[in-house]
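Let's take a walk through this model together, one chain at a time. Keep the viewer open and follow along as we go.

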Amino acid sequence: MSQLTSRRGLLFGTAAVSAGALLTACTSNESKDEKPAANDQPAADDKPGKQVTVGFAGPQADHGWLNAINENAKSRAKKYSDVTLEITEGSNDTAAQIGQIETLINKKVDVLVILPADGKALTQVGLKAMRAGIPVINLDRIFNTPQAYRCWIGGDNYGMGFNAGHYIGEKLKDTADARVVELAGIDNLELTKQRTQGFDDALKNYPNIKKVARQAADFTVESGQAKMSQLLQAQSKIDAVWNHDDDQGVGALRAIEQAGRDEFLMVGGAGALSAFQAIKQDNGVLKATVLYPPTMAASAIDLARALGQSKGVGGLAEYEIPTSITLYSAVVDKDNIDQYMSTGFR
Amino acid sequence: MTQHASPPRGSTDKVQPVGPLPVWRSLVARADVRTLSLLGVLLALVVVGGITKPDEFLDTRNLQLVLTQASVIGVVTVGMTFVITSGGIDLSVGAIVALSSVWATTVATQDFGFAGVLFTAVLVGVGCGLVNGVLIAYGGMVPFIATLAMLASARGLALQITDGKTQIVNIDGILKLGERDSYVLGIPPLVLVFAVVTIIGWLVLNRTTFGRRTVAVGGNAEAARLAGIDVRRQRLYLYLLSGLCCGIAAFLLIILSGSGQNTNGNLYELDAIAAAIIGGTLLSGGRGTITGSVLGVLIFTTITNIFALNNLQSDVQQIAKGAIIVAAVLVQRRTASTT
Amino acid sequence: MAPEPPLLSMSGITKSFPGVRALDGVDLAVQAGEVHCLLGQNGAGKSTLIKVLAGAHQPDSGTINWRGEAVTLRSPIAAMRLGIATIYQELDLVEHLSVAENVHLGHEPTAAGFVVRQRTARASTARLLERLGHPEVDPARLVGELSAAQQQIVSMARALSHDVRLIVMDEPSAALDPDEVDNLFRIVASLTADGVAVVYISHRLEEIRRIGDRVTVLKDGRAVAGGLPAKTTPTRDVVALMTGRNVEYVFPQRPTAAPAGAPVLEARGLSRAGEFAPLDLTVRAGEIVGLAGLVGSGRSEVLETIYGARKPSTGQVLVDGSPLRPGSVRAAVRAGLGLAPEERKAQALLMLESVTRNVSVSTLSRFSRGGWLDQRAELGAARAATRELSLRPDNPSVPVRTLSGGNQQKAVLARWLLRGCRVLLLDEPTRGVDVGARAELYAVVRRLADEGLAVLLVSSEVPEVLGLADRVLVLREGHVVHEAPARELDEHRVLDLVMEGSPAS
């Protein structure tokens with residue numbers, strides 16, 4: 001009996017070890033055509049100046065777009081011989097992020113770039129940095145007060161919704177009684193409300209179009225698939241879908257495929273590489289996506305460098321960089337896809 | 001004082017035979033008040049759905065949709081039911097689903113094709129369950145803490161593997177399983193897997209020594225130990241089983257979403273626990289019902305479906321979901337106490 | 001009796017639960033300053049009646065008069081406000097709070113309405129404990145660290161912290177040693193001297209005779225006798241009222257020849273640090289060996305160590321001459337040992353399950369075909385085993401929690417009978433078992449021994465050990481102080497040994 005047990009144990013052990021080895025090999029995600037998701041735009045073409053140390057603090061990169069933010073910042077900093085990037089590990093916990101930023105303040109970095117997990121909650125630490133004489137570039141999620149940052153740069157959620165609505169409106173303006181559905185993002189985020197508001201405002205210009213349904217997913221593939229399949233079941237015929245986020249769009253496209261539906265066009269949001277590729281191939285419902293460009297992180301590095309070297313922004317007449325820069329949410333479709341392909345994030 | 005306010009156990013209780021009976025009779029006998037009231041709740045939901053959206057709700061495709069959406073969380077809930085019946089808890093199920101789904105969809109794993117993905121998903125689930133089980137059964141850790149630790153590390157590892165990116169699946173054999181061409185007699189393959197897991201789960205819990213030992217450990221671990229049951233080994237197997245269910249669920253999720261993502265399985269632990277408890281499994285252990293758990297899952301999925309079909313927004317959905325949980329439990333308690 | 005109205009009079013109290021009429025028109029009258037004993041078998045309605053009195057159950061009909069006025073006891077708090085306190089058998093104390101915190105739970109002395117005044121609470125608790133004759137209990141200690149007897153004192157202190165006029169005590173002596181029982185009786189006497197009435201529930205008839213004033217006997221939810229004089233009513237009459245038949249409190253006949261077989265169970269130099277000193281012990285097939293001793297003498301610990309539930313510090317346990325793996329219950333069970341533990345509900349029974357499943361739990365693999373349970377065979381085997389022990393009701397499919405204490409014990413015995421065990425370890429086998437059912441249980445144990453089982457019996461009731469066992473070991477403070485055939489001992493001798501005998505050399 002005991003002999004049997006031990007042989008069984010041995011077999012099991014061997015199996016476990018070899019399975020473990022196989023599994024370990026399987027964590028690799030390197031593929032042959034891997035290329036860092038970043039921008040190809042030229043860096044500022046001036047001569048290297050004084051050395052600038054830029055501190056960068058963002059939330060946990062648990063989502064494609066946030067991960068692209070980090071990568072954009074890193075690869076941009078690498079292009080400048082006079083920029084040193086101090087990047088913290090991301091955190092979604094307000095207290096933890098405050099701690100990380102305070103560490104950067106104590107290290108006396110020259111400029112701080114902060115993408116707060118929660119803009120309102122991190123206002124105080126932004127103020128603290130400013131008072132300590134460290135200029136802050138506030139990225140995307142805005143602080144409570146302009147005193148907490150030297151410059152804010154971020155996306156335009158309202159504009160994103162508006163441009164998506166405008167694009168769909170133009171495509172459907174000749175369709176009588178057009179029916180549109182909206183697959184929103186996490187509903188308790190303000191940006192979701194803004195995107196929906198912009199979308200609704202744009203559709204008001206097209207009396208023939210009616211938004212017949214809206215469901216909120218939560219930026220995950222899983223929720224995108226679940227919510228989209230319910231939407232399709234609820235609406236037997238639609239003309240267009242606007243989806244707030246390309247990550248959940250992967251699931252939404254899967255649901256559309258599973259339901260065997262193709263009578264409508266779909267517009268995505270954010271600018272993921274997979275979405276770009278689908279748009280370029282043009283063999284599915286996804287016809288366009290509205291950018292919420294992660295390249296803003298690269299621009300933030302440019303701004304930080306300029307601040308550190310007391311320069312303005314090239315191409316503008318100003319001696320100082322502006323206080324606030326709102327990015328344009330461009331619509332990317334088949335016509336201009338090649339221009340944006342390299343900015344697509346995974 | 002509250003413990004004395006409840007009706008006394010002992011001779012004043014109604015005598016309910018619980019022994020083995022012929023299968024059909026035992027099914028009737030086991031369809032106790034609790035299960036019947038759950039069926040009542042589900043029926044009421046069907047009526048609501050049928051009245052508000054007759055065309056969209058009462059439709060084969062919608063039935064397929066609801067059952068498909070229930071499959072992933074349903075498989076997880078079957079495993080969870082075993083763990084809770086044994087007096088334990090597994091908070092790591094969602095994280096294990098996430099880790100299995102991303103580990104099984106890396107570029108390297110996908111090189112091994114269909115079998116590689118399936119094998120990896122299941123093995124990662126079992127591996128995580130093994131760690132949980134060893135920590136709890138032989139390391140003496142409280143299940144709540146051990147599985148909470150697993151939740152954190154598995155999510156972290158999943159994030160590390162994906163780097164926050166969505167991993168698209170390119171294997172046709174897997175993708176096809178989620179599409180209409182693969183339906184067997186109108187039944188989606190995912191639903192078939194769910195049904196098979198449910199039936200096996202029911203049989204194991206009600207008809208095998210393993211199930212009996214699970215109930216004994218949950219009902220009174222000390223008595224089980226003194227009766228000569230190897231309580232620790234049983235606990236190890238139970239967390240292993242829960243991990244296995246998570247691995248299977250992860251594979252189903254890969255089929256369903258055509259991808260792996262580290263955010264998968266978000267809050268599965270709460271959904272699975274809620275479904276099991278609503279179904280009639282005692283959170284303190286000693287009584288478990290697979291039928292009830294599956295009904296609990298179906299009730300949740302049907303609610304979500306009806307809300308989506310009626311285009312109600314998530315705020316309303318959440319409020320109503322909470323209210324329905326409370327109502328379902330109250331209805332059960334009332335009907336259980338008046339008979 | 002004084003002509004004034006009784007402190008409490010309950011009349012025509014009826015209470016039904018689904019399927020069962022627990023109380024059927026019960027009358028109870030209690031005078032101030034008396035000890036009123038409530039007697040009855042398990043299921044006679046005693047606990048339902050005291051729960052009605054405590055406000056935990058609402059009666060379906062009937063009236064309650066308190067000091068001459070009709071009252072309704074809507075909740076335990078309402079009862080407590082009137083001055084009715086109840087000390088339950090399973091003490092309702094919070095283990096992780098201190099003695100003082102438990103005593104004042106729900107009515108803490110406060111400053112500014114919410115700040116607990118710890119010092120005041122401790123001082124008043126200390127006064128109460130002193131009044132109860134236990135000044136050594138520290139009000140600051142955690143209740144979980146106290147002995148059962150001390151916890152009971154705390155429970156009483158809690159009752160007395162209210163302005164109490166009637167205390168209900170549900171089997172207060174069940175967990176106590178003789179000297180602690182004496183102290184309990186002193187407390188009861190001082191309470192009644194102050195005019196407080198005590199409703200006293202006990203299985204032990206001799207206690208009722210010692211402290212009781214009057215007796216009310218319940219049977220099947222009815223009061224079959226009310227207000228009998230406790231000191232003068234013959235025991236036989238009381239037992240007859242309780243059981244409805246005359247029961248001889250008899251023990252089965254011992255076999256004429258002492259069993260001379262080879263020892264089945266043997267302990268050599270077995271000890272556990274801090275619990276019991278090294279001891280040797282043998283039990284032969286067909287023999288019943290008794291371990292007598294007070295609570296804390298180490299008797300249960302000896303049993304649990306033999307069973308492998310505790311790991312021995314020294315020594316070994318042998319079955320049929322081959323040693324068992326120490327500290328392994330599974331090894332013991334495999335070798336043929338079976339334990340019927342003291343705390344049946346906590347340590348032996350699966351209360352939510354049927355009798356069948358409780359009986360078969362140690363034998364599951366026998367009904368397993370590749371993991372699959374043959375439930376028909378299981379039910380049949382359980383039925384055979386429970387019939388052999390005349391377990392009532394004769395339906396192994398009923399939940400085990402619906403059984404009386406004696407039948408629950410039989411279910412545990414049936415478990416080991418079914419397993420075919422060779423050594424039976426019995427720890428307080430008749431705790432919580434009715435007087436009427438005990439004789440039957442004794443007969444079962446003797447019959448099992450006659451069929452060749454080796455039985456090791458632990459009991460705090462000396463007559464039980466003397467009446468049932470063939471050979472007796474007397475334990476005191478972890479030492480075996482005497483060993484002799486049971487027929488050479490009597491109760492006085494054993495009590496002497498138990499309390500003050502010196503370890504035998």
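In which order do the strands of the open sheet of chain C stand, and is their pairing mixed or not? Bear in mind as you look that this is a predicted model. The order is E6-E9-E10-E3-E11-E12, six strands in an open sheet, and the pairing is mixed. Strand E6 (84-87) and strand E12 (222-229) of chain C stand at the edges, and because each has a single partner strand, one side of each is left without a neighbour in the sheet. If you step from strand to strand in this sheet, neighbours are turned by 15 degrees against each other on average, with direction ignored.

Now zoom in on one pair inside that sheet. Strand E9 (residues 166-170) of chain C runs parallel to strand E10 (residues 197-201) of chain C, and 5 bridges join the two. To find the register, start at Leu166(C), which stands opposite Ala197(C) in E10(C). Two helices pack on this sheet, and we can take them in turn. Helix H1 (residues 46-53) of chain C touches strand E3 (35-39), E6, E9, E10 and strand E11 (214-219) of chain C, and its direction makes about 150 degrees with that of E9(C). Helix H6 (residues 178-193) of chain C touches E3, E9 and E10 of chain C, at about 145 degrees to the direction of E10(C).

Step back to see chain C as a whole. Its division gives domain 1 (8-243) and domain 2, the latter assembled from 264-336, 421-433 and 453-504. Between the C-alpha centres of these two domains of chain C there are 35 Å.

Chain A offers another open sheet to look at. Here 6 strands follow the order E7-E6-E8-E9-E10-E12, again with mixed pairing. Its edge strands are E7 (209-216) and E12 (331-333) of chain A, each paired on one side only. Neighbouring strands in this sheet are turned by 20 degrees against each other on average, direction ignored. At the E7 end, strand E6 (residues 178-184) of chain A pairs with E7(A) in the parallel sense over 7 bridges, and Val180(A) has Lys211(A) in E7(A) as its bridge partner. Helix H8 (residues 246-259) of chain A lies across E6, E8 (240-243), E9 (265-270) and E10 (286-291) of chain A, running at about 150 degrees to E9(A).

Chain B brings us to helices packing on helices. Helix H5 (residues 60-85) and helix H15 (residues 268-279) of chain B meet at an angle of about 65 degrees, their axes 9 Å apart, and the two are therefore roughly perpendicular. Their crossing is right-handed. On the H5(B) side the contact includes Ile73(B), Val76(B) and Met80(B), while on the H15(B) side Tyr268(B), Asp271(B) and Ala272(B) are among the residues involved. By class, this contact has 9 nonpolar, 2 polar and 1 charged residues.

What angle do helix H12 (residues 209-219) and helix H14 (residues 231-257) of chain B make? They pack at about 110 degrees with their axes 10 Å apart, which means that H12(B) is roughly perpendicular to H14(B). This crossing is left-handed. Arg213(B), Thr214(B) and Val217(B) of H12(B) meet Val231(B), Gln234(B), Arg235(B) and Leu238(B) of H14(B), a contact with 3 nonpolar, 2 polar and 2 charged residues.

Definitions and conventions. Residues are numbered from 1 along each chain as its sequence is written. Chains are lettered from A and ligands numbered from 1 in the order in which they are written. This is a predicted model: local features need pLDDT of at least 70, side-chain atom pairs count only at pLDDT 80 or more; totals for chains, interfaces and linings use all residues. Axes are lines fitted to C-alpha atoms, for helices over the stretch in contact, and angles run from 0 to 180 degrees between N-to-C directions. Helices (H or I, at least four residues) and strands (E, at least two) are DSSP runs, numbered from the N terminus. Angles under 35 degrees count as roughly parallel, over 145 as roughly antiparallel, 65 to 115 as roughly perpendicular and the rest as oblique. A crossing is left-handed if the near helix is turned anticlockwise from the far one by less than a right angle, and right-handed if clockwise. Two residues are in contact if their C-beta atoms, placed from the backbone, lie within 7 Å. Ala, Val, Leu, Ile, Met, Phe, Trp, Tyr, Cys and Pro count as nonpolar, Asp, Glu, Lys and Arg as charged, and the others, Gly among them, as polar. Two strands pair if DSSP finds at least two bridges between them. Domain bounds come from an automatic or database domain assignment.
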